[in-house]
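User: I would like to go through a structure with you, one question at a time, with the reasoning set out before each answer.

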Amino acid sequence: MSGPLSGTRGIVLTQAWAGSWCTSLLGQMGADVVQIEVRKRPDSWRGDYAAPIPSQLRDRPSAVNPWNCNPLYNSVNLGKRCITLDLGTEEGMAVFKRLLTFADFCAENFSPRVLGNFGITYEQMCEIKPDIVLASLSAYGHSGPWTNIPGIGGTIEPSSGMSGMLGYEGGPPLNSGQMFPDAIAALNGVAGIVTALRHRDLTGQGQYIDLSMMESSLASVGDAYLEYSMTGRQRPRLGNHHPSFAPHSIYPANGDQQWVAIACEDESQWGALAATAGQGWADDARFSSMASRKANEAALDEAIAAWTSGQDRDALASRLCAVGVIAAPVLDALELAEDANLRAREVIRDIDHPEAGVFPQVTLPMHFSRTKPAAPRPAPQQGQHNHEVLAELLDMSADEVDALIRSGVSGGGPPD
Amino acid sequence: MSDDSGQPRALAGVRVIDISTTPAAAWTSRLLADAGADVILIESPEGHPLRRTGPFADSGASIPEAQFLANKRSITLDLEDATSLEVARKLIAGADILVSSFTPSRLDALGLTYASFGRSDLLMTHVTPHGMTGELAEVPGNDLTVGARSGWASINGTADREPLKPAAWTSSYCAGIAAYGATVAALRWRDAHPGEGQEVDVAVTEVMAATFAPGMLRSLYTGKAQTRQSADDQLAGPVPVADGHFALTLSRAHFWRDAMNLLGLEDLAEDERYGASWFRQAHREEYSGRVAEAMSHWNKMDLFEELAIRRVVAGPVLYMPELRATDHLEARGYWRRAADDPEGPEYPGPAYQMTATPQTLDRHAPRTGEHSDEVRQEVQS
């Protein structure tokens, strides 16, 4: 079995989350993705060369290099191979340019001036590979007055309008618990690259994709912009509430940090919830229609919370789901890893990493009935595929690759 | 490939039939339309559910309707009526892609399963809360339950409050983008392998679980589930400034040094121990009051500009009117109106700019059944 992108190759310069996960998804869809990494400036998600090994890995004899045992790196680089090349050296750049001739696409998420400094802008790449597809993922895009302002997910979330939407009713704006704009940019990068590849297949013409994390995040709250443009109003923070539907919130269940999400989008779901609760809600005039429930939402939430708070989270969610109410347990990160449904659907799989060992990981969230991808490779160790890739694509001998390693152009681990 | 006007379109000539009823699936077909596909939305006579979903403009117009249904044509068909169903099947027979949000049992009851079309070249994209297989395939869900089941709600919000779902329909958007990418990948496969269509199954919960992956593996490697942040962690998200809120998420040592110098806190800037993020976390109470006081004298855009000069990552919390007023988005030509409705509402631009095949907004959001006659004639001809 092979994914829909089998036969397609990316030679990529991605790093951290947005770029790395974008190219990981393409790899998990079957593309041969070769990640280029520079030892002097390792991927920031590998962490510091001197960082401690995470606590659950310390007893594993195989877990020796912290940079290969970082959960951040290892979670967003499935399905790739990794070679190290110092692009700041003439020799390293020469190897990169030879590799590029074998690429269908390239992707990068450096600051906008970096490619120019290396001498590998889109135009320069086209001289090497005329039909290349290049995607640049940057904070604010490659044009406009903010081009050179640095940004990361945690600063793009506020500047894109997203943080202004996230928060409890009446409370301050919040950032998400981890840098959500990176993930949004990654998904959009996949969409753009796949679209460009199709256009190239049909016309022979490559193209450049300029992805601004600010714009991709703003597009994902685009309805709130449209609300402003149609009404002049900024949508307030709604917490877990919905503009139209009530109930629509997260309620306490029995025990510490046990929560259940409950929503009703129509009268039949409300009727089922009221019947299951048996608290007389169906006869309460305040809750007799969607509009009246919305108008009396505080009282409604209080009544539901009083009913849910003594109950077992999972049993309650199951009972409600069984009668057609929109309901779910709030899973924490460790519970997610054991989720039976996601495991049955092979989205969460046990992945065996050469240093970190076997851990559940979230893999490709797309299912293809005909072009079913194979289980993904684990995230590569730094420089793991130096010999393999350079022999396969450039026909370099082991001695030639060893010479690159000895000179520091390639290799693995902290530079000498 | 080009459309009639000669503009290159990545999906020119691709016909999409959309029988879906949810924001996530509607965004999938909206993105297909923006890339140049001809998207025909099949709606029940009472209209797509998003038309009755708020928020609403004072005129009564639904905001989600305007956002998610734009760029499509609309035909009303009651899929439970045999004659209408026959028209729908004829439309699907001439389509490249069918987009659905129905559960397996609902598709079966309607007689609209993939197998029922008997066409190996058809692409059918399912965008549902939990996927088309597994124990939750028939269970209803929405952005709230997706937040709950994907791990996100457990880390959004503050430790002293309840878990918080991702804002608005961001989960649906993410699934729509993923389903779009998967669909175009399958289309590209079919281009190269004629006759080889397939079903693409995208679950909103799974897409959001995948966006949660770093939090999950970090929790597994440390043996402890990531939790919601404490409310006073000023380096984790927005904190108050004179005219709003501002995020000083200082990830590197020199960001801390340069930011503290700008804030006039030279002793904190020079104390090299604070360069390490673990040290800042552990000694928060030793500086947080002073940093908050210093920030309270700044306006957010002034602070943003001064930190930008120093190449320090930082972000002002901006709201829609402020975003509209930025010279940056204006210079990049981000804002747009539907080509056929220049007096209509202004829309945000695409998530990324494609130089050869730009995404375009050609059509206003259709009225229910606005193109029924036109589309019926196309079927008959």
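User: Is Arg73(B) buried or exposed, and what is its relative accessible area?

Analyst: This is a predicted model, in which local features need pLDDT of at least 70 and side-chain atom pairs count only at pLDDT 80 or more, while totals for chains, interfaces and linings use all residues. Residues are numbered from 1 along each chain as its sequence is written, chains are lettered from A and ligands numbered from 1 in the order in which they are written, and side-chain values use heavy atoms, with hydrogens and water left out. Buried means under 20% relative accessible area, exposed over 50% and partly exposed in between, with a 1.4 Å probe and protein chains only. By that rule Arg73(B) is buried, with a relative accessible area of 4%.

User: Which residue forms a salt bridge with Arg73(B), and how far apart are the closest N and O atoms?

Analyst: A salt bridge here is a side-chain nitrogen of Lys or Arg within 4 Å of a carboxyl oxygen of Asp or Glu. Helices (H or I, at least four residues) and strands (E, at least two) are DSSP runs numbered from the N terminus. The partner of Arg73(B) is Glu378(B), with the closest N and O atoms 2.8 Å apart. Glu378(B) lies in helix α18 (residues 372-380) of chain B and Arg73(B) in strand β3 (residues 73-76) of chain B, so the pair ties together parts that are 305 residues apart in sequence, and the residue asked for is Glu378(B).

User: Which residue of chain A forms a salt bridge with Arg332(B), and where does that residue lie?

Analyst: The salt bridge of Arg332(B) is with Asp210(A), and the closest N and O atoms are 2.9 Å apart. Because Arg332(B) lies in the loop between α17 (327-331) and β10 (336-337) of chain B and Asp210(A) in strand β6 (residues 207-212) of chain A, the pair joins two chains. Both residues are buried, and the one asked for is Asp210(A), in strand β6 of chain A.

User: How many salt bridges does the structure hold over all chains, and which residues are linked in a network of them?

Analyst: Side chains of opposite charge can pair when their charged atoms come close. The structure holds 49 salt bridges over all chains. The residues linked in a network of salt bridges are Arg9(A), Asp32(A), Arg81(A), Glu388(A) and Glu392(A).

User: How many disulfides are there over all chains, and why is Cys82(A) not bonded to Cys106(A)?

Analyst: A disulfide is a pair of cysteine sulfur atoms within 2.5 Å. The closest cysteine sulfur to that of Cys82(A), in Cys106(A), is 14 Å away, which is too far for a bond. Cys174(B) is likewise in no disulfide, its nearest cysteine sulfur, that of Cys22(A), being 13 Å away. The count over all chains comes to zero disulfides.

User: Which strands of chain B are at the edges of the open sheet β7-β8-β9?

Analyst: Two strands pair if DSSP finds at least two bridges between them. In chain B, three strands form an open antiparallel sheet in the order β7-β8-β9, and β8(B) (residues 244-247) pairs with β9(B) over two bridges, with Ala247(B) opposite Gly315(B). Each edge strand pairs on one side only, and these strands are β7 (239-241) and β9 (315-316) of chain B.

User: In the hairpin of β7(A) and β8(A), which residue takes a positive phi?

Analyst: Strand β7 (residues 248-252) of chain A has four of its five residues buried, so it is largely enclosed by the rest of the structure. β7(A) pairs in the antiparallel sense with β8 (residues 259-263) of chain A over five bridges, and His248(A) stands opposite Ala263(A). Six residues lie between the strands of this hairpin, and the residue with a positive phi, near 110°, is Gly255(A).

User: Which peptide bond leading into Pro247(A) is cis, and what is its omega?

Analyst: Most residues other than glycine have a negative phi, and most peptide bonds are trans. Pro247(A) lies in the loop between α9 (222-231) and β7 of chain A. The cis bond runs from Ala246(A) to Pro247(A), with omega near 0°.
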